[in-house]
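Please find below some notes for a colleague who is opening this entry for the first time. They are numbered so that each can be checked against the display.

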Amino acid sequence: MDYQAVLEEVAAHVEPQIGRGRVAQYIPALASVDADRFGIALADVDGRVTGVGDWERPFSMQSISKAFSLALVLADDGEKLWRRVGREPSGNPFNSLVQLEYEHGIPRNPFINAGALVVTDRLHTLTGDASTTMLDFLRAESGNPDLAFDQEVAASETAHGDRNAALAHFMAGYGNLDNPVPTVLEHYFWQCSIEMSCRDLALAGGFLARHGLRADGSRLLSSSEAKRVNAVMLTCGTYDAAGDFAYRVGLPGKSGVGGGIVAVVPGRCTLCVWSPGLDARGNSVAGVAALDHFTTLTGWSVF
């Protein structure tokens, strides 16, 4: 298949969607991003990468980081994590407090903010430095040693992170955090602040398309564990729009309010699309449309 031609067709098809939606407003450092940007990259299982548009322009990965922290914890700790976080779609906004209260401090899944805080807490316990562990992993898998935290974004999230702090303190009250709340929040915000391009993210997520194998051929996850990460991405990776995303795209995916979405075609490739304009549920308008058209053109989906 001529990936370049397919991606060019996808970009042309979604051009009317680019700029629609609103950039993330609740993190001031993201509010000034140009909504008219668009990039898409595809990395096959052999590490060959193709892209169009702004595919090499870095952006804030935000909640896409949650997929990588989940994989790193499962690789190190196996199934133990699932005692502290569920695997069910939430049906509520990603920063909801209500659901957490009536489920006694156990987050519904690892991709809502509460669940991601539990995963970060566990990764920090296992490694002693959750955010640096993730950054080192992403540098290795993407082949880009220059990946870095965006200090402005991390500071902005810290200054406006009251709801995340409330979630963390609530779970700590139920004994579901091992580390001090300020430590967990710090590493969570640093992880979300990492700047990566579509190229970087498509390559970094390649282990999910290779059934758990890293870029160097070593095994991060078993085939079964990789299947489970992909399954949770499909059912929970785009928050309370996961059903619509599965209906339209038909691939495991993880979005972030920076406008990026990583999607996985198991056994074939990993895609990353970026366009900062978001819909009401926090997912890229043009990004979802692009992945929808990609699976329509290629016939590649998990269904």
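1. Arg-108 and Glu-103 are joined side chain to side chain by a salt bridge, with N and O 2.5 Å apart. This is a predicted model, and the distance should be read with that in mind. Arg-108 is partly exposed, at 22% relative accessibility. Glu-103 also counts as partly exposed, its relative accessible area being 22%. Because buried means under 20%, neither residue falls in that class at 22%.

2. The salt bridges come to 14 by the rule applied here. A few of them are taken up in these notes, including the pair above. One group forms a network: Asp-34, Arg-37 and Asp-54 are linked by salt bridges.

3. Asp-77 and Lys-80 form another salt bridge through their side chains, at 4.0 Å from N to O. The cut-off for a salt bridge is within 4 Å, and the pair is listed at 4.0 Å. The two partners differ in their surroundings: Asp-77 is buried, with a relative accessible area of 10%, whereas Lys-80 is partly exposed at 45%.

4. Which residue forms a salt bridge with Glu-79? The partner is Arg-228, and the closest N and O atoms of the pair are 3.4 Å apart. Arg-228 belongs to helix 12 (residues 223-236), while Glu-79 sits in the loop between helix 3 (65-77) and helix 4 (98-102), so this salt bridge ties together parts that lie 149 residues apart in sequence. Arg-228 is partly exposed at 39% relative accessibility, and Glu-79 is likewise partly exposed, with a relative accessible area of 42%.

5. The UniProt record, an unreviewed entry, gives the feature "binding site" at Ser-63, Asn-113, Glu-157, Asn-164, Tyr-188, Tyr-239 and Val-257. The next three points look at Ser-63, Tyr-188 and Tyr-239, which are among these positions.

6. Ser-63 is in the loop between strand 3 (59-60) and helix 3. Is Ser-63 buried or exposed? With 7% relative accessibility, Ser-63 counts as buried. Leaving out residues up to four places away in sequence, Ser-63 touches Tyr-239, Lys-254, Ser-255 and Gly-256. One of these contacts, Tyr-239, is itself listed under "binding site" in the UniProt record.

7. Tyr-188 lies in helix 9 (residues 181-193). Tyr-188 is buried, having a relative accessible area of 3%. Its contacts, not counting residues up to four places away in sequence, are Lys-66, Asn-113, Ala-116, Leu-117, Thr-120 and Asn-164. Among them, Asn-113 and Asn-164 also appear in the UniProt "binding site" list.

8. Tyr-239 is found in the loop between helix 12 and helix 13 (242-248). The residue is buried, with a relative accessible area of 3%. The backbone of Tyr-239 deserves a look: phi is near 60 degrees, a positive value in a residue other than glycine. Tyr-239 is also the residue touched by Ser-63 in point 6.

9. Where else is phi near 60 degrees? His-211 has such a phi, again a positive value in a residue other than glycine. His-211 is placed in the loop between helix 11 (206-209) and helix 12. With a relative accessible area of 38%, His-211 is partly exposed, whereas Tyr-239 is buried.

Methods. Residues numbered from 1 in each chain as written. Predicted model: local features only at pLDDT ≥ 70, side-chain atom pairs only at ≥ 80, totals over all residues. Heavy atoms only, no water. Buried < 20%, exposed > 50% of the residue type's maximum accessible area, 1.4 Å probe, protein only. Helix = DSSP H or I, 4+ residues; strand = E, 2+ residues; numbered from the N terminus. UniProt positions renumbered as here; feature names shortened; annotations may be inferred. Contact = heavy atoms within 4.5 Å.
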